[in-house]
Structures are given as structure tokens and as C-alpha cells.
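Morning, everyone. Let's take a quick look at one chain, starting with the cysteines.

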Amino acid sequence: MVLISGASFAGLTMAYWLNKRGYKITVVEIGTHLKMGGTPVDIKDKTVDIVRRMGLFEQIKANRIGPSKWEFKNANDVSEHTVLLEKLPNNEFEIERDVLLNMFFDLVKDDVEFIFDNSIVSLCELENNIEVIFKDGSQYVYDLVFGCDGVHSTVRKIWFGEEKVYSHFLGQYFSIGIADRLLVEEGAYQMYAEPNKGVALYAYNNKTDIIFTFRPETEIEYDFRDPEQHKRIIVKQFAGASWRTAELLKEILNSKSFYFDKFCQIKMPAWTKGRVALVGDAGYCASPAAGMGGSLAIIGATALADAFEKYNGNFELAFEGYNRELRPFIESIQAGAVETLDKLLPRTEEEIRLRNKNGVNL
């Protein structure tokens, strides 16, 4: 019996592969249902091969989206530079997060036990298994536990230590909300910047992502579980900003899918300890700047599941292989994300003028 904490891409991918290999799977999710919302997911490179193996390629292809142009706006809403984008090649896809998440859920929902509105509060490793106590007071014993519960992982905190030990701040913060209508032309990705502040809009499928980013002088202390505090931070940071900022602040603050956090990376010497393994953002978040949050989760879970097959179910050897073989890829993605993030948000008026004239070279 295996317990997976988290019902997003890492957890659902892990559940899919381990179920196919004959494991009895339970997935515990702190939310009352699948967590909806969030920006679209890029499926490319290694992830394309994985979704082919999972039988999802044609579904993903049929539901692909993608921007048709990038527009760099000034304060008067004039597009100073426009980049027309060709359709993505057949080995690269963008898809709505909710659509993709439901595809993954549909693969496992009939074969895997799901426990919603619950979470792990205690882990105790025994000689041949691991004892788990849940928030509701229930207690069970499992062979293995997989922490697939995101950048603020509960499993990581309980088993490996406090988040601050592993979280590396990248100097910026972001907030995302979704308006259920078009605020700009379908397919347009519009960007506006002031020094150390950025606002972006991306319209697709009759909805619009609203994205705020900013770079403060010093790191901000906040509770990641307090959305009202997050909203106050955004309002304070963007008070008086030009373009459509005042209008878009109202939109994002009223969005059902409002999200705020810092750009950070999780870096750990090992993603496994004893009978516990971390997968996806819980172990190696590269930050949204990588553009691979969902993909890294899918790749990581598949790499770990493949290690179980390679080592005939010997979890100790599988964990060793997972740590060793996936790490170079993760480190490469994390390094690239740091470089990308610094390019995305101009620091000075001169940098803004250059970006609005020439675009962004990522």
C-alpha cells in the first residue's frame, strides 16, 4: 500500500504509473476537490513522450491553445512592439491547466482511492512500513509515502525539515488571477512594465489570465495561507501604477482563482529519506519562470516510477536511482529559470524602453 500526498500533476502521475505496476494507491488531498485555476501548462520535450505513453497525446493535441502574438504596451495602451507567433510545432503544446488536470484525474479515478479535505500530520517509520496520522485523527500504515504536495509541502516539512532550509528566494513575487471573459483580443499576450513592476494579460478560450509581478527592495514576510494578506500586498505594491493597472487590480482581487507567492526554488541534497520520496515542486520547484511546473511534476513522477520498474520494486535502489539520474536535468532547468526571470522584469526606464522597442530575448 502506497500513500500519495497531493492530487495535482505529480500526485496523479505517480498514482497512474504505480497503479499500472500493481500497487494499491491512496491519494490524500488537503482541498475539498481538485485544485482548479492557474496558468496554462506547456507540454514539450520529455513530457510529450510521457503523455504519449499515458495515452493522452491526442486529447492534449485536440485541446491545445497558444498565444498568437506578444504586445509590449506603454502607459497609453499603445503597442510599441508586436511579435506575431507561428503555431507551435507538433512536439510542443500549451493546454489549460484545468483541462489537463481533469484528463489525468480521469485516468486514475476508478482505480485509486481519493481522500479529500484531509492531510498528513505525522509520519513514523517502522521496520517494514510507515505509520501515518491524518488531520481527522485516523491512522494507517503504508509501505511508502510520496510527497507530491507542492512548493509548501507538508510532507517535506514533517519529514525533511522547515521550508526555509530548502527554499531559495529569487527576488520577485507574482500574483495570478483569471477573468472569465476576454479583456483583450483572443490569443493576445500583452505586457506592460514600470521599473521593478510588471502587468501582463493573456487571453484564450474566452478567459483572461491577469499576472502581476514585482521586485521589492527587501524580502517580504507573509503567510502563504492568508489570501487577504496577499491582496493587501498587491494593492500596496501597484498603487498608482499606470496603463490598465487600477482596472486589473479590481479584476484580480475578485478572481475566484487568485494566487500569490514568491518566485523561489526548492533545492535539496536528496529528495528521499527512508520510505518517503518528494516529487515535483515539493522536491525541486524551479519557479514559474521555468515555464515547466506541470511538466517537471510529470517528468519527475515518471522518472521515479520508471526507477521502480528498473529495480524490480526495490524502493531503496529506486530512490537512489531517482536522486542520481534526474538531478542533472533538474539543475539545468533551475539554472535556466533564474536567467529567464531576471530578463522578464525590467529594473529601469531605459530597460523598459529597450524591451518595448525590441521585445524579450529569452
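Why does Cys 148 form no bond with the closest cysteine sulfur, in Cys 285? Keep in mind that this is a predicted model. The answer is distance: the two sulfurs are 14 Å apart, so they are too far from each other for a bond. Cys 148 is also buried, at a relative accessible area of 5%.

Now Cys 285. Cys 285 is in no disulfide either. Its nearest cysteine sulfur belongs to Cys 264, and that one sits 5.0 Å away. The cut-off for a disulfide is 2.5 Å, so this pair does not count. Cys 285 is buried too, with a relative accessible area of 6%. The total for the structure is zero disulfides.

Next, strand 3, residues 41-44. Which residues are on its covered face? Val 41 and Ile 43. Asp 42 and Lys 44 make up the uncovered face. That fits the general rule: in a regular strand, side chains alternate between the two faces of the sheet. Strand 3 runs antiparallel to strand 6, residues 92-95, and four bridges join them. Val 41, from the covered face, has Ile 95 as its bridge partner in strand 6.

Last stop, the second largest pocket. Its space is about 220 Å³. The lining has 14 residues. Nearest the centre are Ile 299, Thr 302, Ala 303, Asp 306 and Leu 326. Helix 2 (46-53), helix 10 (293-310) and helix 11 (315-344) each give two or more residues to that lining. Helix 10 has the largest share, with six. By type, the lining splits into seven nonpolar, two polar and five charged residues.

That's the tour. Thanks.

Technical notes: Residues numbered from 1 in each chain as written. Predicted model: local features only at pLDDT ≥ 70, side-chain atom pairs only at ≥ 80, totals over all residues. Heavy atoms only, no water. Buried < 20%, exposed > 50% of the residue type's maximum accessible area, 1.4 Å probe, protein only. Pairing = 2+ DSSP bridges. 1 Å grid on protein atoms, 1.4 Å probe; cavity = no way out; pocket = protein on both sides within 12 Å on 5 of 7 lines; lining within 4 Å. Points joined across faces, edges and corners; volume = space filled by probe spheres on them. Nonpolar A, V, L, I, M, F, W, Y, C, P; charged D, E, K, R; others polar.
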